[in-house]
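This report covers the overall make-up of one chain, one helix pair and one arginine.

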Amino acid sequence: MNNIPAYIKDLFPTNPDWLYHPAAVDQTQLPAIRQELATIYHQIPDRHKWGSTTFNIVDDQKIIQKYCPVLCDQLQQMKLLKLLSFIGFITVNPEMKFPMHIDNNPGEFEIALNIPVENCHDSYTVWYNAEISKNPPVPYIKTIDGDDVENTAMLIDEASAVEIDRFSADVPAWININVPHNLVCSHDLVRVGATLRFNNLHKFWDRVDHNWIQK
């Protein structure tokens with residue numbers, strides 16, 4: 001799990017030296033959390049606005065607390081609720097190949113808590129050693145109100161990519177989002193996953209690292 005491409009540390013000095021850790025989400029509460037997240041997701045208008053893939057942001061804390069009380073209680077227990085910035089919903093249609101990318105520019109979110117919502121079986125987050133593409137990112141991010149959001153993700157030169165690891169997207173997990181990665185599905189269903197992003201989480205990681213499952 002330490003196969004981080006060398007240039008990543010130059011781009012992101014505070015980036016963790018791991019790719020993923022299964023998250024210590026209470027498994028008895030996970031079905032309720034997934035249902036809460038699905039309830040919010042299905043209220044988003046034009047969820048498939050950009051066709052084969054979309055990234056929908058819900059950053060209204062009142063909406064999150066209203067529709068996700070079990071999730072909020074879980075985050076409170078994990079000492080993460082006050083750090084929550086937004087919940088992103090990643091939708092992948094069966095016709096598309098999810099692009100390889102690095103989520104952010106230097107200094108932004110580096111760690112995500114991913115939680116499966118719908119049809120995440122037989123799907124994986126896959127990481128690569130690969131070069132960054134010079135092509136501009138394709139806009140695919142919007143808010144629950146339908147407003148477009150500037151996309152800072154960096155696309156990857158897929159011809160240079162060599163897989164270094166993968167992990168099931170059907171398991172709640174901490175994900176390193178600033179190493180080249182994409183989502184790979186092995187079924188023909190619309191797949192929905194939630195990705196939770198936190199403010200300055202790397203600064204507090206020594207206080208919350210118990211929130212992954214130790215192997």
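## Chain overview

Of the chain's 215 residues, 51% count as buried (under 20% relative accessible area, with a 1.4 Å probe and protein chains only). The model is predicted: local features need pLDDT of at least 70, side-chain atom pairs count only at pLDDT 80 or more, and totals for chains, interfaces and linings use all residues. Residues are numbered from 1 along each chain as its sequence is written, and side-chain values use heavy atoms, without hydrogens and water.

The chain has five helices and 12 strands (DSSP runs, H or I of at least four residues for helices, E of at least two for strands, numbered from the N terminus). Take contacts (heavy atoms within 4.5 Å) between residues at least 6 apart in sequence: 86% join residues at least 24 apart.

## Helix 2 against helix 4

Helix 2 (residues 30-41) packs on helix 4 (residues 69-77) at about 120°, with axes 8 Å apart. Axes are lines fitted to C-alpha atoms over the stretch in contact, and angles run from 0 to 180 degrees between N-to-C directions. Helix 2 is therefore oblique to helix 4 (not under 35 degrees, over 145, or 65 to 115).

Helix 2 contributes Ala-32, Ile-33, Glu-36 and Leu-37 to the contact; helix 4 contributes Pro-69, Val-70, Leu-71 and Gln-74.

## Arg-197

Arg-197 lies in strand 12 (residues 191-198). Its relative accessibility is 4%, so Arg-197 counts as buried.

The side chains of Arg-197 and Asp-103 share a polar contact of 3.0 Å (N or O atoms within 3.5 Å, one able to donate a hydrogen and the other to accept it; residues adjacent in sequence count only if both atoms are side-chain atoms). Leaving out residues up to four places away in sequence, Arg-197 also touches others, including Phe-55, Phe-86, Phe-109 and Ile-177.

Notes. Buried < 20%, exposed > 50% of the residue type's maximum accessible area, 1.4 Å probe, protein only.
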